[in-house]
Protein chains: 4
Amino acid sequence: MAGINKVILVGNLGKDPEVRHLENNVAVATFSLATSESYKDKNGQRVEKTEWHNIVMWRGLADVAEKFLKKGQMVYIEGKIRNRSYQDKEGQTRYTTEIVADEMTMLGARPDGGQGGNTSNAGTQSTAAQNAAAPVGHTPPAYEEEPDDLPF
Amino acid sequence: MAGINKVILVGNLGKDPEVRHLENNVAVATFSLATSESYKDKNGQRVEKTEWHNIVMWRGLADVAEKFLKKGQMVYIEGKIRNRSYQDKEGQTRYTTEIVADEMTMLGARPDGGQGGNTSNAGTQSTAAQNAAAPVGHTPPAYEEEPDDLPF
Amino acid sequence: MAGINKVILVGNLGKDPEVRHLENNVAVATFSLATSESYKDKNGQRVEKTEWHNIVMWRGLADVAEKFLKKGQMVYIEGKIRNRSYQDKEGQTRYTTEIVADEMTMLGARPDGGQGGNTSNAGTQSTAAQNAAAPVGHTPPAYEEEPDDLPF
Amino acid sequence: MAGINKVILVGNLGKDPEVRHLENNVAVATFSLATSESYKDKNGQRVEKTEWHNIVMWRGLADVAEKFLKKGQMVYIEGKIRNRSYQDKEGQTRYTTEIVADEMTMLGARPDGGQGGNTSNAGTQSTAAQNAAAPVGHTPPAYEEEPDDLPF
DNA sequence: TTTT
DNA sequence: TTTT
């Protein structure tokens, strides 16, 4: 009955995240993420094809996104596919597909410059982000208390 | 600039696949796949939520789908997200999201099938499907020729 | 700096889980899981190759394993690779690799019979397991409170 | 009875790959890959924990590894877990676990220097690597020939 | 042995 | 439209 709905993306943010706070104070961050692949077409020409994904982050992850994610940043995202319908301004039913993220890791920052920007960080992963990211996602198992005599 | 765009699904076919053969004789199979999750809402009520995914399979995988996949069948699918736009009958631009599969494994057959049912197959994976599935997806490395003295 | 270490397995338990309770009352379940693949060797012979994985589950997941997992059961497992060393009885240093699970879903039960066993369940997923599994792994996002006007 | 045995890693090479060519001219590359995670221990201290994985690449992927992978490089790797036993020099049976890679993408290059440093490459993915990587892994579906009227 |  |  249950199934698996898992998405794994590595790509770059197209823009800074947009963050909203709902009435119940829950944070939601949204942004689009580009995943590019390059391949050769039938004429042997190299072609780059980019897919854009609508990413949604909630609560703690949204806070991390707000603080640390910027346009251009490369991230690893794990989440699930979610299809939604809504009414557009003309009252038409529209369908959209989002990736609801439940884990995120910043990779090889390319924070698209900015004035004075943190370019020394380019090509590495952000420590700040790691610090911030730690509370979200899985709690790591308490390795300290692991016995050394498991049956294998 | 490459990225990663990977989807992993385990779910059940909502209908038998539809298979088409393009002019160049390439096969395309499409079907929708349900992935259900159940959780408790804020009132402690168990709720089941089902996501429906549009799956597309090409060539060899489409042939396998045509031969072996049936409504109700549980499958593991690996692929990538692909967003497309097209014109509907009124000339409106519509957007749709598909999962282009590149690997498939049949699981826990329940092929909706037949009076008296295929219970010897129940709870296992279809041998026929495995036979068929073998040519698609990754070729397994030739373990026979692997040396025993790799440097670890 | 951070990296990704993710394992996704679908396979069958080789034996019932062994469950221990540490002094601090933390539960640990261990079992081995077979993932089989079949392919054709260079002579065109179909060969089945089975890999056995050492699975470790902690706390809530261990409790679920204890209650619901049985020899033969098919499961989806998500976790991470963990290498450990320990001293064997002769004082030799030994190395072992485990999969520390952080999510589990029961699939297509084949609970290896048992006297009177629940064979009507064969080929499906266990509702009981789903009930039990709900508290472990990710908390599903509170979809109820999601706004319908996200910016895409 | 097939199963799924899938590993996804993002990490850094501990050393340059070692590449061997077997008698049948098949190339095999091996290297170890570090995946680090940081978390807070029970005293609130930030701890970094690194797992080392033994990676094996065959044929085309081994060639790519030989040409492009260097100590320190960050890569995305997809593969499977493989357990092997062998006899050590004293005739003892030893066990080892490897990740047999079947896809690789170079990420956030930091190719450990070189004269004058490849900073224009920092934070991006190597074009050379992409060129080289293209022939390995999945062939992308021929999107050119895709019909626009799939049934969804 | 990597990376921050 | 699936599955429990």
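# Reading a predicted model, from one chain to its partners

Read along the sequence, chain A of this predicted model follows the pattern β-β-β-β-α-β-β-α.

Q: How many helices and strands does chain A have?
A: In such a pattern each letter stands for an element, and chain A has two helices and six strands. Of the 152 residues of this chain, 55% count as buried. Among contacts in chain A between residues at least 6 apart in sequence, 58% join residues at least 24 apart.

Q: Where does Thr35(A) lie, and is the residue buried or exposed?
A: A residue counts as buried when its relative accessible area is under 20%. Thr35(A), which lies in strand 3 (residues 27-40) of chain A, has 4% relative accessibility and therefore counts as buried.

Q: Which residues does Thr35(A) touch, if those up to four places away in sequence are not counted?
A: The neighbours in chain A include Leu9(A), Val10(A), Gly11(A), Lys49(A) and His53(A), while Ile4(B) and Asn5(B) are touched in chain B. With His53(A) there is also a polar contact from side chain to side chain, at 2.9 Å. Sequence and space can be set side by side for another pair, since Thr35(A) and Trp52(A) are 17 residues apart in sequence and 6.5 Å apart in space, C-alpha to C-alpha.

Q: How many residues of chain B are in contact with chain A?
A: An interface can be described by its residues and by the area buried there, and here 28 residues of chain B are in contact with 28 residues of chain A. Between them the two chains bury about 2400 Å², with 43% of it on carbon and sulfur atoms. The count of residue pairs in polar contact between chain B and chain A, both at pLDDT 80 or more, is 13. On the side of chain B that touches chain A, the largest share comes from strand 1 of chain B, with seven residues, and the residues of this side divide into ten nonpolar, ten polar and eight charged.

Q: Do strand 1 of chain A and strand 1 of chain B run parallel or antiparallel?
A: The two strands run antiparallel, and seven bridges join strand 1 (residues 4-13) of chain A to strand 1 of chain B. As one example, Ile4(A) has Val10(B) as its bridge partner.

Q: Why can charged side chains pair?
A: Side chains of opposite charge can pair when their charged atoms come close. The structure holds 28 salt bridges over all chains, and across the interface of chain B and chain A the rule finds two. The side chains of Glu37(A) and Lys80(B) form a salt bridge at 3.2 Å, N to O, which crosses from strand 3 of chain A to strand 5 of chain B. Lys80(B) is buried, because its relative accessible area is 13% and the cut-off is 20%.

Q: Which side chain meets that of Glu37(C) in a salt bridge?
A: The partner is Lys80(D), at 3.2 Å, N to O. Lys80(D) lies in strand 5 (residues 74-87) of chain D and Glu37(C) in strand 3 (residues 27-40) of chain C, so this pair joins two chains. Lys80(D), at 14% relative accessibility, counts as buried.

Q: Which residues are linked in a network of salt bridges?
A: Salt bridges can be read as pairs or as networks, and Lys6(A), Glu78(A), Lys6(C) and Glu78(C) are linked in such a network. A pair within chain B is Arg84(B) and Glu98(B), whose side chains meet at 2.4 Å, N to O. Arg84(B) belongs to strand 5 and Glu98(B) to strand 6 of chain B, 14 residues apart, and both residues are buried.

Conventions: Residues are numbered from 1 along each chain as its sequence is written. Chains are lettered from A and ligands numbered from 1 in the order in which they are written. This is a predicted model: local features need pLDDT of at least 70, side-chain atom pairs count only at pLDDT 80 or more; totals for chains, interfaces and linings use all residues. Side-chain values use heavy atoms; hydrogens and water are left out. Contact means heavy atoms within 4.5 Å. Buried area is the accessible area (1.4 Å probe) that two parts lose on being put together, summed over both. A salt bridge is a side-chain nitrogen of Lys or Arg within 4 Å of a carboxyl oxygen of Asp or Glu. A polar contact is a pair of N or O atoms within 3.5 Å; within protein, one must be able to donate a hydrogen and the other to accept it, and residues adjacent in sequence count only if both atoms are side-chain atoms. Helices (H or I, at least four residues) and strands (E, at least two) are DSSP runs, numbered from the N terminus. Ala, Val, Leu, Ile, Met, Phe, Trp, Tyr, Cys and Pro count as nonpolar, Asp, Glu, Lys and Arg as charged, and the others, Gly among them, as polar. Two strands pair if DSSP finds at least two bridges between them. Buried means under 20% relative accessible area, exposed over 50%, partly exposed in between (1.4 Å probe, protein chains only).
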